[in-house]
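Subject: Structure for you to look at, with notes

Dear colleague,

I am passing on a structure that I would like you to read alongside the notes in this message. Please keep it open while you go through them.

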Amino acid sequence: MPVMTVVSLLMCLFLPVYLLADPVAESSSTAWYWVLIGRLHPLLVHFPIGLIAIAFLLDLLRVFRKKTEFIPAIRISLVVSAISSVLAVIAGLVLASAES
């Protein structure tokens, strides 16, 4: 089995366990779904960074090849990264309030 397949399988097995593991004491009034949303914060923070990097690379391709076929992909990646940035802020605020 290739190494990346094993790593992907392990991530699929352990990601739900990580996301649902409740670090807050059981006597806390924080619901499990708020903890889950807060735990998605690191994923949501790094997703727009990757999309912005992809948009930058596509823009470089557009400039050097002098073609306009990359413009829709650049726009979509920037819009999705803006939306996911807002979601990352919300998840971070939920995480901060759930842990305090």
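The notes below go from the overall fold to single residues.

Please bear in mind from the start that this is a predicted model. The average pLDDT of the protein is 77, and 68% of the residues score at least 70. Confidence is not even along the chain, for its lowest mean, 61, falls in helix α1 (residues 3–20), whereas its highest, 90, falls in α3. I would therefore ask you to read α1, with its mean of 61, with some caution, because pLDDT is the predictor's confidence in each residue, from 0 to 100.

As for the overall fold, the protein contains four helices and zero strands, and its elements follow the order α-α-α-α from the N terminus on. Of its 100 residues, 20% count as buried, and its accessible surface is about 7,500 Å², with 76% of that belonging to carbon and sulfur atoms. If we take the contacts with a separation of 6 or more, 53% of them are made by residues 24 or more positions apart.

Helix α2 covers residues 32–39, and V35, G38 and R39 are buried in it. These three lie on the same side of α2, because they cover an arc of only 95 degrees around its axis.

Two serines in helix α4 are worth following one after the other. S77 is found in α4, which spans residues 71–99, and S77 counts as buried because its relative accessible area, 7%, is under the cut-off of 20%. Once residues up to four places away in sequence are set aside, S77 touches L51 and A55. S84 also belongs to helix α4, and with a relative accessible area of 6% S84 is buried. Which residues does S84 contact, leaving aside its neighbours within four places in sequence? They are L44, F47 and P48. For one of these, L44, there is also a distance to look at: the C-alpha atoms of S84 and L44 are separated by 6.4 Å, although the two residues are 40 residues apart along the chain.

Helix α3, which holds residues 41–65, offers two further features. A search of the whole structure finds one salt bridge, and the side chains of R62 and D59 meet in a salt bridge at 2.8 Å, N to O. In general, side chains of opposite charge can pair when their charged atoms come close. Both R62 and D59 lie in α3, where they are three residues apart, about one turn of the helix. An α-helix has 3.6 residues a turn, so residues three or four places apart point the same way. Are R62 and D59 buried, exposed or partly exposed? R62 counts as partly exposed, at 27% relative accessibility, and D59 is partly exposed as well, at 29%; the reason is that partly exposed residues fall between the cut-offs of 20% and 50%.

The other feature is a nonpolar surface patch of about 520 Å², which is made by F56, L57, L60, V63 and F64. One of its members, F64, is found in helix α3, and F64 counts as exposed because its relative accessibility of 66% is over the cut-off of 50%.

With best wishes,
A colleague

How values were computed. Residues are numbered from 1 along each chain as its sequence is written. This is a predicted model: local features need pLDDT of at least 70, side-chain atom pairs count only at pLDDT 80 or more; totals for chains, interfaces and linings use all residues. Side-chain values use heavy atoms; hydrogens and water are left out. Patches are made of residues with over 30% relative accessible area and no salt bridge: like charges are joined within 9 Å, nonpolar side chains (Val, Leu, Ile, Met, Phe, Trp, Tyr) within 5 Å. Accessible areas come from the Shrake-Rupley method with a 1.4 Å probe; for residues, only the protein chains shown count as cover. A salt bridge is a side-chain nitrogen of Lys or Arg within 4 Å of a carboxyl oxygen of Asp or Glu. Helices (H or I, at least four residues) and strands (E, at least two) are DSSP runs, numbered from the N terminus. Buried means under 20% relative accessible area, exposed over 50%, partly exposed in between (1.4 Å probe, protein chains only). Contact means heavy atoms within 4.5 Å. The arc is that of the directions from the helix axis to the C-beta atoms.
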